[in-house]
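Reader: I am new to this structure and would be grateful for a close look at a single part, the surroundings of the ligand. Please describe that part in one connected account.

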Amino acid sequence: MKYFVWTEGCQMNVADSQRVAGALEQLGYRPAGSAEQADVIVLNTCVVRQSAEDKAYGRLTSLAPLKRQRPDLVINLMGCLVGIRQTERLKRAFPQVDVFSPPSEPGPLIKFLLEREGRDLAAAQTFQRFDYQDEATTVLHSAPGALMLPEAERGQAVGVHIPIVYGCSHACTYCIIPYRRGVERSRPQAEIVTEVQGLAAQGVKEVTLLGQIVDRYGKDLNGGENLAQLLRALHDIEGLERIRFLTGHPNWMADDLLQAVAELPKVCEHIEVPVQAGDDEVLRRMQRGYTAGDYRRLVGRIRRLVPNASIATDIIVGFPGETAEQFQHTYDLLEELKLDMAHLARYSARPGTVATRTMTDDVPPEEKMRRFRLLEDQQARLVGAINARYLDQTVEVLVEGRHKQKWMGRTRTNKLVFFAHPADWHGRLAQVKIIHTSPWSMQGTVAEA
Ligand code: SAH
């Protein structure tokens, strides 16, 4: 029996898909080369913008005839399109789907498969992450088994993403994620440490800790856990070379966290902390809880406490009511701060959010596009200049794999580097001298083999 997982969206979804694949392999399923060859198809979906949601509908439509031809095919719809409320609407709209699973939750699929095969349902407990008390609340279930990497990745995966905070309890007015992923729930520190120990023993060199607001890690737990402490605990794990975390929220980037990043050699000096907009009125209506001035001071604090930190941000252009002048404030802030990376998005009205319920999506699509392009050009110029400073420098690259005859990896500051070399560098740290840079990546040669 074979499975196929299709994943759309954020790193959290990538991590969730890996867990589902691991769980299916423990039941005896093997990976299929394509959806057509699979007996179980998992669609792990994203709805953060309409464009992502549309991809899920496209997939669902294309699978309908396959399901008609082969009624025993199992189709599992998972992720943020399903959310924590499994609506009847989805069941009526997509009769080709056999199982609906909330984000991060392999449980319903595993239970369905065990039941269908007449196997012992107790095993399903091992894979169940959450209890569903009622439609709206989700509580963390007792610790499930630690992540088993899918077979193809064992001894091969260099970096693994580890969810440490599920859900989100902030109320940014544009964002649908809290509605679909439920309230914020941190995993106990001991559970995460055990999981990472297991992964390091399977050859994993880098972990990236994930949360919608990862710097809030532990605030919902009673034990006083926090991210700085967790970083210190993970730092002791033998075999692990690098630790990253994302995404932060500006209001929770405490000094002790930044100090831990500065002090701990394995923790990479790369901070992802979205500003979303550079205008105070827009930020207020987004309900972000800080001003452009606060963000400017945060960037100063990061740069003071973490020397050579690279900083990444997220921007939404065309939020309801955003004037040309307000957009200019975003442009000016980015021009001033010169960050290492800006993930850009055009505002997309999402059902049920405060912005959709109380504001008009009044920036025309062509104007959103114009603002998006202006920032794209600006970022290419700014990041191009930042990256050019790497020229002739020798940097540490953790090699993740091959790409078009070259080795591919990242610097500690999360810059993509390619180099050609005859030795096997998979999963190793290379000292690479940079000989060419662009806004998107760099080329280098091995400085010492
Ligand atoms: N808590 C995470 C949110 C993940 S969503 C974070 O702070 O990064 C990733 C990014 O998608 C957000 O940062 C935001 O820039 C963008 N985004 C979220 N909702 C959006 C919407 N309705 N339209 C356009 N972009 C959106």
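**The surroundings of the ligand**

Author: In this predicted model, 15 residues surround the ligand, and those that come nearest are Tyr 174, Gln 212, Gln 276, Asp 314 and Ser 348. By class, this shell consists of 7 nonpolar, 4 polar and 4 charged residues.

Several polar contacts can be described individually. Asp 314 places a polar side-chain atom 2.6 Å from an oxygen atom of the ligand. For Tyr 174, a polar backbone atom is 3.1 Å from a ligand nitrogen atom. In Arg 49, an N or O atom of the side chain lies 3.1 Å from a nitrogen atom of the ligand. On its own the ligand has 530 Å² of accessible area, of which the protein covers 87%. Two elements, β14 (310–317) and β15 (341–346), give two or more residues each to the shell.

These two strands belong to an open sheet of 3 strands, ordered β13-β14-β15 with parallel pairing. Its edge strands, β13 (270–272) and β15, each pair on one side only. On average, neighbouring strands of the sheet are turned by 15° against each other, direction ignored. Between β14 and β15, which run parallel, there are 6 bridges. Val 317 stands opposite Arg 346 in β15.

Helices accompany the sheet as well. Helix α11 (residues 292–305) packs on the sheet and touches β13 and β14, its direction making about 160° with that of β14. Helix α14 (residues 365–388) lies across β14 and β15 and runs at about 170° to β15. Thus β14 and β15, which contribute to the ligand shell, are also the strands across which helix α14 lies.

Terms used:
Residues are numbered from 1 along each chain as its sequence is written. This is a predicted model: local features need pLDDT of at least 70, side-chain atom pairs count only at pLDDT 80 or more; totals for chains, interfaces and linings use all residues. Side-chain values use heavy atoms; hydrogens and water are left out. A residue is near a molecule or strand if one of its heavy atoms lies within 4 Å of it. A polar contact is a pair of N or O atoms within 3.5 Å; within protein, one must be able to donate a hydrogen and the other to accept it, and residues adjacent in sequence count only if both atoms are side-chain atoms. Accessible areas come from the Shrake-Rupley method with a 1.4 Å probe; for residues, only the protein chains shown count as cover. Helices (H or I, at least four residues) and strands (E, at least two) are DSSP runs, numbered from the N terminus. Ala, Val, Leu, Ile, Met, Phe, Trp, Tyr, Cys and Pro count as nonpolar, Asp, Glu, Lys and Arg as charged, and the others, Gly among them, as polar. Two strands pair if DSSP finds at least two bridges between them. Axes are lines fitted to C-alpha atoms, for helices over the stretch in contact, and angles run from 0 to 180 degrees between N-to-C directions. Contact means heavy atoms within 4.5 Å.
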